[in-house]
Amino acid sequence: MKLVILFGIIVVTVLVTLYTWPKIAKDQHKEKRSYIVLMLCGFVLSVLLMYFPKLPGPTELIDWIFEPMARVLE
């Protein structure tokens, strides 16, 4: 069942890329690199959350980073 979901994630990623890539101008190399990095991060995160659904989300990471500073400011 997870292979079907993985296939669906791959299909959606490819379709979004096929739709978005031509809209980025040919001379915008930084935008293309940032698009690739963000798309890969989203793809990896979605696959990780599919196999490990109890992974903490990004808000828990932000809380962990800024919790010591919040205690100091109180």
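Val47 is buried, because its relative accessible area of 16% falls under the 20% cut-off (exposed means over 50%, and partly exposed lies in between, with a 1.4 Å probe and protein chains only). Val47 sits in helix 2, residues 29-51. Helices here are DSSP runs of H or I with at least four residues, strands are E runs of at least two, and both are numbered from the N terminus. The model is predicted, so local features need pLDDT of at least 70 and side-chain atom pairs count only at pLDDT 80 or more, while totals for chains, interfaces and linings use all residues. Residues are numbered from 1 along each chain as its sequence is written, and side-chain values use heavy atoms, with hydrogens and water left out.

The protein chain holds three helices and zero strands, in the order α-α-α from the N terminus on. Helix 1 covers residues 2-20 and contains Ile10. Ile10 has a relative accessibility of 35% and counts as partly exposed. Its C-alpha atom is separated by 19 Å from that of Arg33, 23 residues apart along the chain.

Helix 3 has 16 residues, 58-73, and its end C-alpha atoms are 22 Å apart, in agreement with the 22 Å expected at 1.5 Å a residue. The expected span is 1.5 Å times one less than the number of residues. Helix 3 also bends by about 45° at Phe66, with a proline, Pro68, following within four residues. The bend is the angle between axes fitted to the seven residues ending at a position and the seven starting there. Glu60 is placed in helix 3 and is partly exposed at 42% relative accessible area.

Two C-alpha distances relate later parts of the chain to helix 2. Glu60 and Gly42 are 18 residues apart in sequence and 17 Å apart in space. For Val47 and Asp63, 16 residues apart along the chain, the separation is 23 Å.

The overall dimensions come next. The radius of gyration of the protein chain is 17 Å, whereas a compact globule of 74 residues would have one near 11 Å. This radius is taken over C-alpha atoms, and the globule rule is 2.2 Å times the number of residues to the power 0.38. The C-alpha atoms fill a box of roughly 50 × 40 × 10 Å along the principal axes. Of the 74 residues, 12% count as buried.
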